[in-house]
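Reader: I would like to learn how to read a burial value, a polar contact and a helix packing angle, taking each as a general idea before turning to the case at hand.

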Amino acid sequence: MPIFSAPDGTRLACHIRGEGEPLVVLPGGPMRASAYLGNLGGLDAHRQLALLDLRGTGRSEIPADPATYRCDRLVDDVEALRRYLGLERMDVLAHSAGGSLAMLYAARCPDRLGRLALVTTTPWALGLPATAEDRLAAARLREPEPWFTDAFPAFEAWLAGTGDFDPVFLPFFYGRWDDAARAHADREEAETNDDAGDLYGADGAYDPDTTRTALARVTAPVLVLAGEVDGGPRPSLARHVAEVFPAGEFAVQPGAGHYPWLDDPEWFVRRATAFFSGSSGPE
């Protein structure tokens with residue numbers, strides 16, 4: 001497991017999986033250890049995954065200054081990883097909240113980016129949060145599921161601010177609520193630095209207008225991948241993200257939720273591999 005230093009001296013961990021051309025992977029959460037990504041459904045058979053534990057998560061050190069958990073401050077850590085890996089340009093895959101970090105990196109370091117895949121990305125960096133209405137509309141697609149009757153009222157109350165987070169509605173975040181999804185969800189609390197997550201989007205983290213202007217000049221190919229039944233973001237919101245990039249493309253993984261490599265690993269790996277190799281993939 002490589003350990004390298006951020007510009008402020010914080011020691012950061014990067015987990016290497018597979019062999020071949022490196023693919024830097026930025027986790028979401030926000031501030032969840034990269035372990036939840038696993039091998040991205042088997043993508044490590046095609047690319048060497050360099051999975052970054054963001055500062056204060058996984059095997060990376062807790063920084064001396066908690067303010068450095070802010071998303072825009074983490075861009076320096078991503079650039080430090082590129083330098084450590086010795087890459088002139090790097091391909092990047094970012095999941096969920098990590099997508100906002102990837103967009104800020106692309107805006108600041110466009111010449112260092114090869115290809116970028118934004119997987120079920122939360123587009124806070126563009127000022128486009130998923131709304132409660134988005135999440136409820138996606139949740140209603142799951143009405144035929146046997147757990148829906150118990151889960152939907154609790155989910156609705158939580159989104160309205162009248163109820164607490166309840167594990168009963170965790171199935172809404174997965175395309176398939178099976179044993180693998182349950183095990184994945186059970187690990188979230190232990191893998192997430194909640195205090196750091198609270199600071200990830202603190203005041204000053206995002207400047208949507210400036211970011212949009214910068215991303216409009218990014219020439220790197222960008223894939224924005226949405227899950228068909230994901231509520232954060234819904235496919236319609238993800239499509240808007242793709243439209244920000246001059247070389248953006250948009251795809252929806254059928255039946256997938258927020259963690260598409262768990263829902264249909266073969267589809268996910270085929271689409272990701274095709275994108276990073278520069279060829280067309282399944283739709």
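Author: What follows takes these features in turn, for a model that is predicted.

Reader: Before the details, which residues does the domain annotation cover, and how far apart are the end C-alpha atoms of that span?

Author: The unreviewed UniProt entry carries the annotation "domain: AB hydrolase-1" for residues 22–265, and in the model the end C-alpha atoms of this span lie 20 Å apart, with 35% helix and 15% strand in between.

Reader: How should I read accessibility for a charged side chain, and is Arg47 buried or exposed?

Author: A residue counts as buried when its relative accessible area is under 20%. Arg47, in the loop between β3 (22–26) and β4 (48–53), has 8% relative accessibility and therefore counts as buried.

Reader: Which partners does the side chain of Arg47 reach?

Author: One is the backbone oxygen of Pro22, at 2.8 Å, and another is the side chain of Asp91, with which Arg47 makes a polar contact at 3.0 Å. Leaving aside residues up to four places away in sequence, the residues that Arg47 touches include Arg17, Gly18, Glu19, Leu23 and Phe276.

Reader: How do I read burial along a helix, and which residues of α1 are buried?

Author: The general idea is that an α-helix has 3.6 residues a turn, so residues three or four places apart point the same way. In helix α1 (residues 75–85), the buried residues are Val75, Asp77, Val78, Glu79, Ala80, Leu81 and Arg82, and their cover includes the strands β1 (3–5), β2 (11–17), β3, β4 and β5 (90–95), together with helix α2 (98–108). Just after α1, Gly86 takes a positive phi of about 70°.

Reader: What does a packing angle tell me, and at what angle do α1 and α2 pack?

Author: Angles of 65 to 115 degrees count as roughly perpendicular. The axes of α1 and α2 are 9 Å apart at an angle of about 70°, and the two helices are therefore roughly perpendicular to each other. Val75, Asp76, Val78, Glu79 and Arg82 of α1 meet Leu101, Leu104, Tyr105 and Arg108 of α2, a contact that divides into 5 nonpolar, no polar and 4 charged residues.

Reader: And how are α3 and α4 arranged?

Author: Helix α3 (residues 132–140) packs against helix α4 (residues 148–160) at about 175°, with the axes 10 Å apart, which makes α3 roughly antiparallel to α4. Among the residues that make the contact are Leu136 and Ala139 of α3 and Phe152 and Phe155 of α4, and the contact residues divide into 7 nonpolar, no polar and 3 charged.

Methods:
Residues are numbered from 1 along each chain as its sequence is written. This is a predicted model: local features need pLDDT of at least 70, side-chain atom pairs count only at pLDDT 80 or more; totals for chains, interfaces and linings use all residues. Side-chain values use heavy atoms; hydrogens and water are left out. UniProt positions are given in the numbering used here, feature names are shortened, and annotations may be inferred rather than shown by experiment. Helices (H or I, at least four residues) and strands (E, at least two) are DSSP runs, numbered from the N terminus. Buried means under 20% relative accessible area, exposed over 50%, partly exposed in between (1.4 Å probe, protein chains only). A polar contact is a pair of N or O atoms within 3.5 Å; within protein, one must be able to donate a hydrogen and the other to accept it, and residues adjacent in sequence count only if both atoms are side-chain atoms. Contact means heavy atoms within 4.5 Å. Axes are lines fitted to C-alpha atoms, for helices over the stretch in contact, and angles run from 0 to 180 degrees between N-to-C directions. Angles under 35 degrees count as roughly parallel, over 145 as roughly antiparallel, 65 to 115 as roughly perpendicular and the rest as oblique. Ala, Val, Leu, Ile, Met, Phe, Trp, Tyr, Cys and Pro count as nonpolar, Asp, Glu, Lys and Arg as charged, and the others, Gly among them, as polar.
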